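Student: I would like a close look at one part of this protein, the small open sheet and how it sits in the rest of the chain. Could you walk me through it slowly?

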Amino acid sequence: MGLIIRSSAIHAAGCYTTSPIRKGTRVAEYDGPRLSKDEADTCYEDSPITYLFGLGDGSIVIDGHCMAMFINHSCDPNCETEEIDGRVWITAIRDIPAGEEITYDYCLYDGGDDEAHCNCGARKCRGTMYSREETRKRMAATRKPRTRRGNRKTTQARA
Ligand SMILES: [Zn+2]
């Protein structure tokens, strides 16, 4: 299996396979120094581009320094990520022909004001690289409550 980095229609550079990959194959490891969430926030406070990958509950992040950091997001990806014993693998979820760009769903979270627009071009593109759960949270945060409740008396039941 050979991976190469070249320009991509999705975003700047992308990662491509030069040979066919079978479903279930580990394509690459997302590797790099491990930072605490706070360290990463301080390091990349003013940086528009980051290659951070949250481990477990997100308190530790991998500061990507590897081939896998060039893999682009797609809403209809050919790979997924697996976390095994603190290591992150990009694994094929279907057979991938030679020459195809490797992609996985970033499922972004915690991006502040960044809209993280998606350009993956998939038919079922959700328009953002945030996870579905994060998108729901963001929607809820911007929605204003519309229901009036008036003043209600609350009576406590007595035993
Ligand atoms: Zn998309």
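Tutor: Happy to. Let's begin with a pairing: strand 4, residues 34-36, runs antiparallel to strand 6, and 3 bridges join the two. Keep in mind that this is a predicted model. You can find the register from two residues of strand 4. Leucine 35 has valine 61 of strand 6 as its bridge partner, and serine 36 has isoleucine 60, also in strand 6.

Strand 6 also pairs with strand 5, again in the antiparallel sense, this time over 4 bridges. A good place to look is leucine 52, which stands opposite aspartate 63 in strand 6. Strands 5 and 6 make a hairpin with 4 residues between them. In that turn, glycine 56 has a positive phi of about 50°.

Put the two pairings together and you have the part you asked about: an open sheet of 3 strands in the order 4-6-5, with antiparallel pairing. Strand 4 and strand 5 are its edge strands, each pairing on one side only. From one strand to the next, the twist averages 35°.

Now follow the chain between two of these strands. Helix 1 covers residues 37-43, and tyrosine 44 is in the loop that links helix 1 to strand 5. Is tyrosine 44 buried, exposed or partly exposed? With 16 other C-beta atoms within 10 Å, tyrosine 44 is partly exposed, because that count falls between the 12 or fewer of an exposed residue and the 20 or more of a buried one. If you want a distance to orient yourself, the C-alpha atoms of tyrosine 44 and glutamate 29 are separated by 22 Å, and the two residues are 15 apart along the chain.

How does the sheet connect to the interior? The largest nonpolar core has 20 residues, and Val27, Ile71 and Ile90 touch the most other members. The elements that give two or more residues to this core include strand 5 (52-55) and strand 6 (60-63), along with strand 3 (26-30) and strand 9 (87-92). So two strands of your sheet, strand 5 and strand 6, are on that list.

Take valine 27 as a way into the core. Leaving aside neighbours within four places in sequence, valine 27 is in contact with Ile21, Cys79, Ile90, Thr91, Ala92 and Ile102. There is also a second, separate core of 5 residues, among them Tyr106, Cys118, Met129 and Tyr130.

For a comparison with your hairpin, look at strand 8 and strand 9. Strand 8, residues 79-84, runs antiparallel to strand 9, and 6 bridges join them. In this pair, glutamate 83 stands opposite valine 88 of strand 9. The hairpin has 2 residues between its strands, and aspartate 85 takes a positive phi near 50° there. Most residues other than glycine have a negative phi. Aspartate 85 has its positive value although it is not a glycine. Aspartate 85 is exposed, with 4 other C-beta atoms within 10 Å.

Cysteine 107 gives you another example: its phi is near 45°, a positive value in a residue other than glycine. Look for cysteine 107 in the loop between strand 10 (103-104) and helix 2 (132-142). Cysteine 107 is partly exposed, with 15 other C-beta atoms within 10 Å.

Finally, step back to the whole chain. The protein has 2 helices and 10 strands, and along the sequence they follow the pattern β-β-β-β-α-β-β-β-β-β-β-α. Its radius of gyration is 20 Å, well over the 15 Å that the globule rule gives for 159 residues, so the protein is more spread out than a compact globule. Along its principal axes, the C-alpha trace spans about 70 × 40 × 35 Å. Buried residues make up 21% of the 159 residues. Of the contacts between residues at least 6 apart in sequence, 60% join residues at least 24 apart.

Conventions. Residues numbered from 1 in each chain as written. Predicted model: local features only at pLDDT ≥ 70, side-chain atom pairs only at ≥ 80, totals over all residues. Core = buried A, V, L, I, M, F, W, Y, C linked by C-beta atoms within 7 Å. Contact = placed C-beta atoms within 7 Å. Pairing = 2+ DSSP bridges. Rg over C-alpha atoms; globule rule 2.2 N^0.38 Å. Axes fitted to C-alpha atoms, helices over the stretch in contact; angles between N-to-C directions.
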